[in-house]
Amino acid sequence: LASFELVHSILINWQQVSREHLEQGSGVEITSPEKLLGILHHWSSELGLDSEALVTTKAMSLMIDIVGRRGRILAESKLKDVQELNRLAAFADSLFLRMIDAKSPFPPSAANLNAVLNLWASTGNVERAWKLLQRSLEEGVNNDLYSYNAILLGYVNMGQAQQAEDLLFEMCRTDGLQPTIVSFNLVLSGWARSNVDKKYAA
């Protein structure tokens, strides 16, 4: 197998095992994504493989996707592990920035960006999500409606309904960024969790 094909196969296998572990709660220790990346670098050195296969856009994109899926499962579980979510978000964030700094002819995609933004939103770290979105805009990385919905989710998770509503109205005024019913429902759920009577009481 070529270097990247080998890396790709290992990552896909790890993704499957990790997903089954999280869904079934087997209690078996699963290699963390950070440790997995370190192991792959070590193996590539020992086996004389092309280490650049580990930092290509495709490899980093796949790793971000895997970490994002792991984060979604954790965020939706009954016992939400915020510390683990923060760790995954920071790791995915670092991968995304590596992709930007690599100046590859194939920059990070909107899907990569959204995966990281959703991880930060799950932790409630809207400030970091905003900074990453701004950095991606400066670097010319594509974003879309889902990017801003992730920020809305972050505000809702933090109980900041007013900030979510302000962003929603800004989206309404921005060409090419028209919110959908999902966007409005996010803000409504934010108000439902807050002291809504202070502003919207009949």
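## A walk through an all-helix fold

Among the contacts in the protein with a separation of 6 or more, 66% come from residues 24 or more positions apart. Keep in mind as you look around that this is a predicted model. The secondary structure consists of 10 helices and 0 strands, so reading along the sequence gives you the pattern α-α-α-α-α-α-α-α-α-α. The protein has 202 residues, and 41% of them count as buried.

A good place to start is helix 5, which covers residues 110-123. Its 14 residues reach 20 Å from the first C-alpha to the last, close to the 20 Å expected at 1.5 Å a residue. Helix 5 is mostly covered, with 12 of its 14 residues buried. Among the buried ones you will find Leu-113, Val-116, Leu-117 and Trp-120, and also polar side chains such as Asn-112 and Asn-114. Just after the helix comes Gly-124, which has a positive phi, near 85°.

From there, move on to helix 6, which spans residues 126-138. Helix 5 and helix 6 pack with their axes 9 Å apart, at an angle of about 165°. An angle over 145 degrees counts as roughly antiparallel, and that makes helix 5 roughly antiparallel to helix 6. The crossing of the two is left-handed. On the helix 5 side, the contact is made by Leu-113, Val-116, Leu-117 and Trp-120; on the helix 6 side, by Arg-128, Ala-129, Leu-132, Leu-133 and Ser-136. Sorted by type, the residues of this contact are 7 nonpolar, 1 polar and 1 charged.

Helix 6 has another partner in helix 7, residues 145-157. The axes of helix 6 and helix 7 come within 9 Å and cross at roughly 165°, and the two helices are therefore roughly antiparallel to each other. This crossing, too, is left-handed. Helix 6 contributes Val-126, Ala-129, Trp-130, Leu-133 and Leu-137 to the contact, while helix 7 brings Ser-147, Tyr-148, Ile-151, Gly-154 and Tyr-155. Here the division is 8 nonpolar, 2 polar and no charged residues.

Now look at helix 4, residues 82-101. Helix 4 and helix 6 pack at an angle of about 15°, with their axes 12 Å apart, which makes helix 4 roughly parallel to helix 6. Helix 4 passes helix 6 in a left-handed crossing. The residues that meet are Asp-93, Phe-96, Leu-97, Ile-100 and Asp-101 in helix 4 and Arg-128, Leu-132, Arg-135 and Ser-136 in helix 6. This contact holds 4 nonpolar, 1 polar and 4 charged residues.

With the helices in place, zoom in on single residues. Leu-133 lies in helix 6 and takes part in the contact with helix 5 as well as the one with helix 7. Leu-133 has a relative accessible area of 0%, so it is buried. Leaving aside neighbours within four places in sequence, Leu-133 is in contact with Leu-113, Leu-117, Asn-143, Ser-147, Tyr-148 and Ile-151. The C-alpha atoms of Leu-133 and Asn-114 are 9.1 Å apart, with their positions 19 residues apart along the chain.

Tyr-155 is a residue of helix 7. Its relative accessibility is 12%, and because buried means under 20%, Tyr-155 counts as buried. Not counting residues up to four places away in sequence, Tyr-155 touches Val-126, Trp-130, Gln-160, Gln-163, Ala-164 and Leu-167. You can also trace a link back to the end of helix 5: Gly-124, the residue that follows that helix, is 31 residues from Tyr-155 in sequence and 7.0 Å away in space, C-alpha to C-alpha.

Finally, visit Phe-184 in helix 9, residues 181-192. At 35% relative accessibility, Phe-184 counts as partly exposed, because that class sits between 20% and 50%. Beyond its neighbours within four places in sequence, Phe-184 is in contact with Leu-168, Cys-172 and Pro-179. The C-alpha atoms of Phe-184 and Phe-169, 15 residues apart along the chain, are separated by 9.9 Å.

Notes:
Residues are numbered from 1 along each chain as its sequence is written. This is a predicted model: local features need pLDDT of at least 70, side-chain atom pairs count only at pLDDT 80 or more; totals for chains, interfaces and linings use all residues. Side-chain values use heavy atoms; hydrogens and water are left out. Helices (H or I, at least four residues) and strands (E, at least two) are DSSP runs, numbered from the N terminus. The expected span of a helix is 1.5 Å times one less than its number of residues. Buried means under 20% relative accessible area, exposed over 50%, partly exposed in between (1.4 Å probe, protein chains only). Axes are lines fitted to C-alpha atoms, for helices over the stretch in contact, and angles run from 0 to 180 degrees between N-to-C directions. Angles under 35 degrees count as roughly parallel, over 145 as roughly antiparallel, 65 to 115 as roughly perpendicular and the rest as oblique. A crossing is left-handed if the near helix is turned anticlockwise from the far one by less than a right angle, and right-handed if clockwise. Contact means heavy atoms within 4.5 Å.
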